[in-house]
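Colleague: Could you take a close look at one part of this model for me, the ligand site? I'd like to hear what sits around the ligand, and then how the strands and loops elsewhere in the fold are put together.

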Amino acid sequence: MTSPLIQQHGVAILGAGPVGLAAAAHLLSRGIVPTLFEAGDEVGQSFRAVAHVPLFSPWRYNIDHASRALLERGGWQPPELDTLPTAGELQQHYLLPLGQALTRHIRLNSRVLSLSRHGMDKIKTAGRDQAPFVIRVAQHGAVREYLAGAVIDATGTWGKPNPLGANGLPAIDEAEHGSRIFYGVPDVLNAHRTRYAGKTILVVGAGHSAANALLNLTELSQQEAGTRVHWAVRGNNLRRVFGGGEADQLPARGALGSRLQQRIKSGELTVHSEFRIQALHAAGQELTVVAETPSGIVALPGIDEIICATGSRPDLELSRELRVRLDAWLESTEALAPLIDPNEHSCGTVRPHGHRELAHPEPGFYIVGAKSYGRAPTFLMATGYEQVRSIAAALAGDMVAADDVQLELPETGVCNAPVASAATTGACCGGPAPAEANACCVQDAEAKQAGKAGCGCGIQPAEPLRAKASTCC
Ligand SMILES: Cc1cc2nc3c(=O)[nH]c(=O)nc-3n(C[C@H](O)[C@H](O)[C@H](O)COP(=O)(O)OP(=O)(O)OC[C@H]3O[C@@H](n4cnc5c(N)ncnc54)[C@H](O)[C@@H]3O)c2cc1C
């Protein structure tokens with residue numbers, strides 16, 4: 001049974017990305033009225049910003065079931081499920097039509113500023129469960145407040161890029177040189193071509209965004225004389241960005257890493273590993289990037305442009321007035337942290353999870369989608385779709401469906417043991433081991449059953465891991 005609060009005020013969803021839209025579709029399928037607040041002027045803003053970037057998950061993993069059912073009722077035809085869209089194609093062929101189908105429930109140009117509960121601040125407890133949420137929204141130049149019986153925060157993390165500084169703080173004078181820094185993945189070969197042609201560019205970061213930018217820049221350097229490419233990473237382990245190669249269950253992601261390795265071998269880009277950026281200095285028309293390295297402080301001069309692809313972090317200000325419990329490391333939803341901590345796992349494989357893991361001390365408030373992973377970089381849309389299916393069922397009072405969480409995700413093929421032992425253990429994972437097995441994950445169990453050494457993900461690492469974590473994926 002839906003609570004009286006939800007019956008009266010409905011459910012507010014923040015953010016009309018793939019997961020927020022899916023949340024709306026699931027709620028509607030259960031007869032609950034959602035109101036979706038989107039900061040941008042159309043849905044799927046994050047994908048528009050990187051429209052040129054090829055996604056690594058094929059259509060089959062990118063389409064939510066309830067959203068598909070809603071679309072198909074209006075005559076929508078799904079794309080070929082095993083092909084790979086670009087981010088722009090995902091927005092055009094899926095998110096925009098879905099936005100159309102949900103248009104009555106979506107408020108565009110509506111940036112949510114903050115959340116609270118009606119008539120009470122964070123401290124007050126009595127009657128809290130019965131007080132509707134207050135959603136303060138900047139809308140068309142005015143600030144308005146709405147009430148809701150529950151809130152699903154699906155605002156993602158793309159709006160808050162990490163800085164250049166290796167310590168998580170902006171590099172000294174980073175803001176001053178902001179006009180030379182692009183945060184994200186620029187369209188190097190088309191829209192931003194003139195910005196980079198013939199320039200010396202430093203790409204910072206060790207994820208797939210950095211890999212995309214580097215591959216495009218090396219292509220540009222073959223077409224535009226004088227284009228030089230540097231790549232700086234903080235650590236010395238490039239396994240994550242190289243991906244699972246041929247072993248990757250998302251072949252496009254594996255191929256990206258393999259292509260990048262080839263470009264490095266052929267000398268098309270200069271790699272600076274263990275390069276911990278501290279400061280930027282202007283030197284005439286160019287920038288000098290100062291970093292701490294194992295051989296001391298190093299200055300990298302002659303840089304025209306920097307592409308900062310160091311990931312992103314959640315905006316925690318939104319829910320400052322609510323009772324939210326986040327992981328101290330990752331700023332993810334607390335229960336997810338041991339499963340996705342990049343200190344311990346290089347994989348994106350999490351066990352199925354839903355409304356219980358995503359609940360906070362604030363009843364009726366959920367953080368979902370990429371934001372539920374906080375700073376962990378391994379989120380996949382398919383994970384978010386199952387999250388919101390479970391939450392919609394819980395809000396509708398169908399606890400059997402809410403607790404029946406199922407998630408089948410492709411593995412990266414580099415899903416390995418704790419980083420400290422990774423070098424000796426090789427790949428592992430496949431999800432939690434069967435309860436009866438003396439193993440740390442499915443692959444460990446299978447290896448042991450076949451009489452081989454396990455994959456080693458249960459080996460105690462040299463450095464202590466978070467106490468609450470299991471050492472398995
Ligand atoms: C380069 C790149 C490639 C990727 N490729 C893949 C892939 O192949 N497969 C995959 O599964 N995942 C991929 N991802 C991860 C992908 O980002 C997520 O799967 C997806 O975007 C998460 O969806 P979301 O709805 O949680 O957040 P988002 O897509 O970020 O949507 C959040 C929405 O909230 C809005 N918003 C933000 N703040 C507010 C506010 N205060 N008020 C109102 N609205 C707000 C934003 O405008 C946006 O529309 C990729 C990520 C990157 C960076």
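What follows is a walk from the ligand outwards.

Modeller: Sure. Keep in mind that this is a predicted model.

Let's start with the ligand itself. The shell around the ligand has 27 residues, and the closest are Glu-38, Ser-46, Ser-57, Trp-158 and Met-381. If you sort that shell by class, you get 15 nonpolar, 10 polar and 2 charged residues. As for where they come from, helix H2 (18–29), helix H3 (45–49) and strand E4 (110–117) each supply at least two residues of the shell.

Now the polar contacts. Glu-38 has a side-chain N or O atom 2.7 Å from an oxygen atom of the ligand. For Ser-57, a polar side-chain atom is 2.7 Å from a nitrogen atom of the ligand. With Pro-18, a polar backbone atom is involved, and the distance to a ligand oxygen atom is 3.4 Å. On its own the ligand has 980 Å² of accessible area, and the protein covers 90% of that.

Next, strand E7. This strand runs over residues 150–153, with Ala-150 and Ile-152 pointing one way and Val-151 and Asp-153 the other, and all of them are buried. E7 has strand E1 (residues 11–14) as a parallel partner, over 4 bridges. In that pairing, Val-11 stands opposite Ala-150. E7 also pairs with strand E16 (residues 365–367), again in the parallel sense, over 3 bridges. There, Asp-153 has Ile-367 as its bridge partner.

Follow the chain on from E7 and you get to a loop that leads to strand E8 (181–183), and Thr-157 lies in this loop. Being in a loop doesn't put Thr-157 on the surface: its relative accessibility is 8%, so it counts as buried. Leaving out residues up to four places away in sequence, Thr-157 touches Ser-312, Arg-313, Pro-314, Ala-370, Lys-371 and Gly-374.

Another threonine makes a handy companion case. Thr-200 sits in strand E9 (residues 200–204). Thr-200 has a relative accessible area of 13%, and because the cut-off for buried is under 20%, it counts as buried. With the same sequence neighbours left out, up to four places away, its contacts are Arg-228, His-230, Gly-302, Ile-303, Asp-304 and Glu-305.

For a spot that isn't buried, try Tyr-61 in helix H4 (residues 59–62). Tyr-61 comes out at 26% relative accessibility, so it counts as partly exposed. Leu-81 is 20 residues away from Tyr-61 along the chain, and their C-alpha atoms are separated by 8.3 Å.

Finally, the whole protein, to put those pieces in context. The protein has 16 helices and 16 strands, and 52% of its 473 residues count as buried. Among contacts with a separation of 6 or more, 67% are between residues 24 or more positions apart. The accessible surface is about 20900 Å², with 50% of it belonging to carbon and sulfur atoms.

Technical notes:
Residues numbered from 1 in each chain as written. Predicted model: local features only at pLDDT ≥ 70, side-chain atom pairs only at ≥ 80, totals over all residues. Heavy atoms only, no water. Near = heavy atom within 4 Å. Polar contact = N/O pair within 3.5 Å; in protein donor to acceptor, adjacent residues only side chain to side chain. Areas by Shrake-Rupley, 256 points an atom, 1.4 Å probe, with all protein chains shown as cover. Nonpolar A, V, L, I, M, F, W, Y, C, P; charged D, E, K, R; others polar. Buried < 20%, exposed > 50% of the residue type's maximum accessible area, 1.4 Å probe, protein only. Contact = heavy atoms within 4.5 Å. Pairing = 2+ DSSP bridges.
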